[in-house]
There are 2 protein chains.
Amino acid sequence: MKQSKNQTYQGVQVFAPATVSNMGSGFDIIGFPIEGAGDTITAYRNTTPDVRIVQVTGYSDIPTDPGKNVASHAVRKMLESLDSHQGFDLEIHKSVMPGSGLGSSASSSAAAVVAVNELLGRPYTKRELVNFAMEGEALVSGGKHADNVAPAILGGIVLVRSYNPLDIVNIPPPESMWTMVFHPQIEIRTDLGRSVIMDRIALKDAVKQWGNVGGLIAGLYTSNYDLIGDSMEDLVAEPYRAELIPGYQEMKKVALSNGAKGFTISGSGPAFFAICDSREMAEQVKEVVSREYEKHQIDFLTYISRVDRSGTVVLERFHVEG
Amino acid sequence: MKQSKNQTYQGVQVFAPATVSNMGSGFDIIGFPIEGAGDTITAYRNTTPDVRIVQVTGYSDIPTDPGKNVASHAVRKMLESLDSHQGFDLEIHKSVMPGSGLGSSASSSAAAVVAVNELLGRPYTKRELVNFAMEGEALVSGGKHADNVAPAILGGIVLVRSYNPLDIVNIPPPESMWTMVFHPQIEIRTDLGRSVIMDRIALKDAVKQWGNVGGLIAGLYTSNYDLIGDSMEDLVAEPYRAELIPGYQEMKKVALSNGAKGFTISGSGPAFFAICDSREMAEQVKEVVSREYEKHQIDFLTYISRVDRSGTVVLERFHVEG
C-alpha cells in the first residue's frame, strides 16, 4: 500500500498475538506466539504531527499518555527513524491482561508498528520492525527484549541469538506440538518478576543452562518431546519466580504426571504453560490442572494452542475520505 | 565376543580419536572427534587381579602408575562397577601430545574402556562406557567432563545436555563441514587452562552465551555456516585462554578473512581450529595460517578433517594361547 498523495485518511486494523517466552532454559532468548489471544490495534493517519492513543478497550488499565504507552512510544521511534512528521491515532483493544507473562506489552508494540508501517507503505520489513517494537519493551521493562516482540511480529518459535547485531533465528515447531497455557488472574509486574533474578550466576549453573538450550533446540528440530521437556529445565528464573505464583509447583507435578512433556513459567509469570504432543493431551492437561487449581480460589483463563505461525497480521484496511 | 571359559589370553587393539571440544559457545558441553589423530591401546587379559600399564609409546611422558594413569584408572572404575577381579595389561600409543586441547587424556580413557569392554564380552554399551571414561577425565582435571570422552567414544558432534542424569545428544554435522585444526607445539596444562576461567559470570553474558549455543545447534541442523560461525562466539573461555596462546588473535583474523566460517580454541588450548564449508577451504585456511604462524618460530601440527563419525573402533582382536 503506497501513501496516497491527496489528503484522504487511511486506516488499518491489525492483530498481534500473545506470546509465551523463555520456554524454560531459553531465558530471554526464546518465545512463540499462541493462537486466540492478543491485541488488536486500529491505526488512522491524523492531521497532527503526533501519535495519540484515542481509545483503549478490553484490559484498559494502561497509560494513554503517548510518551508512556508502549504502542505509541514504539511508533514514535519508528517515525523518528524515518524522519517522518506524520501523526497517527491508535485504538487499542487488549485481550491479554498486562503483567500476565504472555507478552501483553509486546502485543501492543508489535501491532502498533506493523499497523503504522502498513499505512506508510511498508518502509520496513517485519524483521526490521522488531527493532522498534523492542523500544516499546524498553519503556516498560528497562531492557530492549525481543523474546516477545520478535515472535509476536514474525510468528513461529523464535530464537533471539544476538542483540548486537540483532539476529533472529526461526526454529521449526514440531508438527504435533500443542501448548496449554494457564493464566491465573493475578498480576506480577514485569519489573518485579525481573528483580528476583540474580545478576550473576555460577558458571556451573550457566553451563547446565546452555546444555539445556542446546538440547531444547535439538529437541525441536527432531520432534523429540522427551528431549524438549527435559531441556526446558531452567535454573535462572523458574526457581525464584515460581514462589510468586500460588500453587505453581503442585500444578507442574500434576501436569507432568498427566502427560505434559514440559512445563514452566511464561516470561515473568504468573502464566505458565505445558508442552504437549497432541491437542488431546493439551486438553487433558488443562482438565487436571484446572481441577487442581480450583482449590486456590483464584480465577484463571486457559488457552489450548499450537504455535502461531503468522505473527502479526493485517485484519482490515480502511479508506476514509477527508 | 564372549569371555572364553578355558584360560586363553585374549587381546584387542582399539583406536580412539582426538577431539575438538567446546566449539566456542558450547563451553564444556560440545565436542567432536577428528580423523587422523588419537590414541591406540592394545589390551591383554593378564593373570593378576590388577590393571597395569606395560608400555607407552609416542607421546610417552605420562604416568605409568596405574593409579595415576587415566586409562588404567578408567578401566579400574569399570571393573569395580562389574565387581570383576580380572586384570589387564595396557599398551598405549599416544599420537596426540598431552595438554594440547585435543582431548589427549580422553583418547586414552576412551580407548581403554572400549578395549577392556570388548575383552569382557561387551557388558556395556558405548554410551554407558562414557561414564567410566569420565572417571579418567576426573583424575586429571578434577571434574567429570564428557565433552571429549563422549565424542571420542561415540563419534559425531556430541552435545552433553546434562550430567545428572548423563544425557548425550548426537547433533548431525553438515555434510560439507570440514575443520582445520592447528596445534602449536606448546603445552597448556588443562588445570591452568581452567584456572583462568571465572567461576561466576554476569547473567547478561550467560544469556548471550546460551543464545549462541542455541544458534550453533540450529546452524548445525540447517547447515547454515554463517549462523554456525557467528554462534561460535564464546564469552567465557576464549577471551582468557587466548592470551596463553602466542599469535592467537592474529591467526583468527587471518583465518576468518580467508574463508573460515568460524574459529576458536579447542578445549583449554593451545590447539585452535577453523570451521570451513569444504575441504578446499580448510586447506586454504591451513596455508594462510601456517604461513602467518611461522613468524612465531613455534613448531606446529595441522589436521584437515571432517567430523569423525565412528568414534572409538576396534582395530584387531588377538587370541593368545595360555
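Me: How do I read the way chain A superposes on chain B?

Reply: Start with the general idea: two copies of a chain are related by a rotation about an axis and a shift along it. Keep in mind that this is a predicted model. Here, chain A lands on chain B after a rotation of 180° with 0.0 Å of shift along the axis, and the RMSD is 0.0 Å. That is how a two-fold axis relates two copies.

Me: And how many residues does each chain bring to the contact?

Reply: Chain A gives 33 residues and chain B gives 33 residues. On the side of chain A that touches chain B, at least two residues each come from β5 (157–163), β6 (166–171), β8 (200–202), α6 (203–222) and α7 (225–231). The largest share of that side is from α6(A), with 13 residues. Also, 100% of the interface residues of chain A are interface residues in chain B too, so the copies meet through the same surface.

Me: Let's stay with α6(A). What span should its 20 residues have?

Reply: Count 1.5 Å a residue and you expect 28 Å; the end C-alpha atoms of α6(A) are 28 Å apart, so the two agree. As for its surroundings, 15 of the 20 residues are buried, which means α6(A) is largely enclosed by the rest of the structure. Just past the helix, A:Ser223 has a positive phi of about 50°.

Me: Is A:Asp199 buried or exposed?

Reply: Count its C-beta neighbours: there are 7 inside 10 Å, and 12 or fewer means exposed, so A:Asp199 counts as exposed. You'll find A:Asp199 in the loop between α5 (190–195) and β8 of chain A. Setting aside neighbours within four places in sequence, A:Asp199 is in contact with B:Ala202 and B:Leu203. Within its own chain, its C-alpha atom is 9.8 Å from that of A:Val236, which sits 37 residues away along the chain.

Me: Can we try the span idea on another helix? What should the 13 residues of α1(A) span?

Reply: Helix α1 (residues 70–82) of chain A should span 18 Å at 1.5 Å a residue, and its end C-alpha atoms are 19 Å apart, which agrees. This helix is mostly covered, with 10 of its 13 residues buried. Among them are A:Val70, A:His73, A:Arg76 and A:Leu79.

Me: What do those buried residues of α1(A) pack against?

Reply: They pack against three strands of chain A, β2 (30–46), β3 (51–58) and β4 (87–94), and against α2 (104–119) and α3 (126–141). Just after α1(A), A:Asp83 takes a positive phi of about 55°.

Me: You mentioned α2(A) and α3(A). At what angle do they pack?

Reply: In general, two packed helices are described by the angle between their axes and the distance between the axes. For α2(A) and α3(A), the angle is about 140° and the axes are 9 Å apart. That makes α2(A) oblique to α3(A), and their crossing is right-handed. The contact includes A:Ala106, A:Ala110 and A:Val113 of α2(A), along with A:Leu129, A:Phe132 and A:Gly136 of α3(A).

Me: How do the axes of α9(A) and α10(A) cross?

Reply: Helix α9 (residues 248–256) and helix α10 (residues 279–293) of chain A have axes that come within 9 Å and cross at roughly 150°. That makes α9(A) roughly antiparallel to α10(A). The crossing is right-handed here. Residues making this contact include A:Met251 and A:Val254 of α9(A), and A:Val285, A:Val289 and A:Tyr293 of α10(A).

Note on methods. Residues are numbered from 1 along each chain as its sequence is written. Chains are lettered from A and ligands numbered from 1 in the order in which they are written. This is a predicted model: local features need pLDDT of at least 70, side-chain atom pairs count only at pLDDT 80 or more; totals for chains, interfaces and linings use all residues. Helices (H or I, at least four residues) and strands (E, at least two) are DSSP runs, numbered from the N terminus. The expected span of a helix is 1.5 Å times one less than its number of residues. Two residues are in contact if their C-beta atoms, placed from the backbone, lie within 7 Å. Copies are superposed by least squares on the C-alpha atoms of residues with pLDDT of at least 70 in both. Axes are lines fitted to C-alpha atoms, for helices over the stretch in contact, and angles run from 0 to 180 degrees between N-to-C directions. Angles under 35 degrees count as roughly parallel, over 145 as roughly antiparallel, 65 to 115 as roughly perpendicular and the rest as oblique. A crossing is left-handed if the near helix is turned anticlockwise from the far one by less than a right angle, and right-handed if clockwise.
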